Amino acid sequence: MKTEINKNILIIIPCYNEEGNVRTLYQKIKEIEIPHCRITPLFINDYSSDNTLKVLDEMDVNYLDNPINLRIGGTVQTGFLYAWEYGYDIAVQMDGDGQHPPKELSKLIRPLLNDEADVVIGSRFIQKEGFQSSVMRRFGIKFFTTLNKMLVGITIHDSTSGYRAYNKKAIQLLTEYYPDEYPEPEAIIYLSHKKMKLLEIPVIMDERVEGVSSIGSFNSLYYMIKVSLNSLFLHLKLKLNG
């Protein structure tokens with residue numbers, strides 16, 4: 001008997017120089033089953049300088065290839081545009097470096113299926129299990145938690161987490177605007193102003209196996225200053241515009 005599909009889920013996977021990670025990630029995604037849901041991964045190669053595009057082509061998977069480097073924000077928004085254009089019910093943001101285990105996917109999806117939230121954020125800091133990131137990054141994340149609380153009154157413990165799931169209302173909003181360079185903390189500000197219900201749930205994340213993160217320790221202070229200013233300006237703009 002054929003299983004009835006009630007929800008179509010798109011997994012948006014931005015990839016920049018992830019040739020060593022995408023095969024393993026795809027295999028793990030294929031193992032995931034959520035009742036009455038069809039899961040479709042969409043890899044988006046962000047003009048990688050390594051062999052990521054070649055590997056994706058060899059894998060025979062669903063992928064897009066950016067003609068220029070759009071960075072993480074532009075690449076993820078491309079995924080939202082794709083999800084909206086093709087009528088997906090849920091979009092999931094999952095990093096291409098393997099730090100977001102597909103086995104945790106059902107935890108993110110469940111609150112959306114039960115209409116308990118519009119956006120679900122996977123957090124490594126609620127139960128403090130799995131990879132906890134570096135000391136410097138944890139300090140920065142706590143800073144953004146405080147900043148978000150001050151600006152929009154919402155507490156998200158892992159505000160830089162890129163492991164997120166969105167319902168159709170949130171997908172539509174994010175096709176209209178999504179921060180470009182380091183979008184995760186700013187997106188919380190935007191979605192809060194747009195009256196989206198955000199829910200943070202505990203997940204266990206892994207450490208990157210291969211490749212290098214796009215946010216190095218040298219850039220950490222720059223990252224904090226830039227994102228803080230962008231978040232403040234975005235908040236003021238949205239508040240003034242109602």
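**Exercise 1. Find the salt-bridge partner of E58 within helix α2, then follow the network outward.**

Step 1. E58 forms a salt bridge with K54, with the closest N and O atoms 2.6 Å apart. A salt bridge here is a side-chain nitrogen of Lys or Arg within 4 Å of a carboxyl oxygen of Asp or Glu. This is a predicted model, where local features need pLDDT of at least 70, side-chain atom pairs count only at pLDDT 80 or more, and totals for chains, interfaces and linings use all residues. Residues are numbered from 1 along each chain as its sequence is written, and side-chain values use heavy atoms, with hydrogens and water left out.

Step 2. Place the pair. Both E58 and K54 lie in helix α2, 4 residues apart, about one turn of the helix. Helices (H or I, at least four residues) and strands (E, at least two) are DSSP runs, numbered from the N terminus.

Step 3. Look for a further partner. R23 also forms a salt bridge with E58, the closest N and O atoms being 2.7 Å apart. This pair links distant parts of the chain: R23 sits in helix α1 and E58 in helix α2, 35 residues apart.

Step 4. Join the pairs. R23, K54 and E58 are linked in a network of salt bridges.

Step 5. Check accessibility. K54 is exposed at 51% relative accessibility. R23 is partly exposed at 40%, and E58 is partly exposed at 45%. Buried means under 20% relative accessible area, exposed over 50%, partly exposed in between (1.4 Å probe, protein chains only).

**Exercise 2. Describe how helices α1 and α2 meet.**

Step 1. Take the axes of α1 (residues 22-30) and α2 (residues 52-59). They come within 10 Å and cross at roughly 35°. Axes are lines fitted to C-alpha atoms, for helices over the stretch in contact, and angles run from 0 to 180 degrees between N-to-C directions.

Step 2. List the contact residues. V22, R23 and Y26 come from α1, and V55, L56, E58 and M59 from α2. Contact means heavy atoms within 4.5 Å.

Step 3. Sort them. The contact has 5 nonpolar, no polar and 2 charged residues. Ala, Val, Leu, Ile, Met, Phe, Trp, Tyr, Cys and Pro count as nonpolar, Asp, Glu, Lys and Arg as charged, and the others, Gly among them, as polar.

**Exercise 3. Which residues does L238 contact, leaving aside its neighbours within four places in sequence?**

Step 1. Locate L238. It is in helix α8.

Step 2. Read its accessibility. L238 is buried, with a relative accessible area of 14%.

Step 3. List the partners. They are I189, Y190, H193 and K194.

Step 4. Take one pair. L238 and I189 are 49 residues apart in sequence and 9.1 Å apart in space, C-alpha to C-alpha.

**Exercise 4. Compare the settings of two residues with positive phi.**

Step 1. Start with R71. Its phi is near 65°, a positive value in a residue other than glycine. R71 lies in helix α3 (residues 71-85). R71 is partly exposed, with a relative accessible area of 44%.

Step 2. Turn to K195. It has a positive phi of about 65° although it is not a glycine. K195 is in the loop between α7 (183-193) and β7 (198-202). K195 is exposed, with a relative accessible area of 72%.
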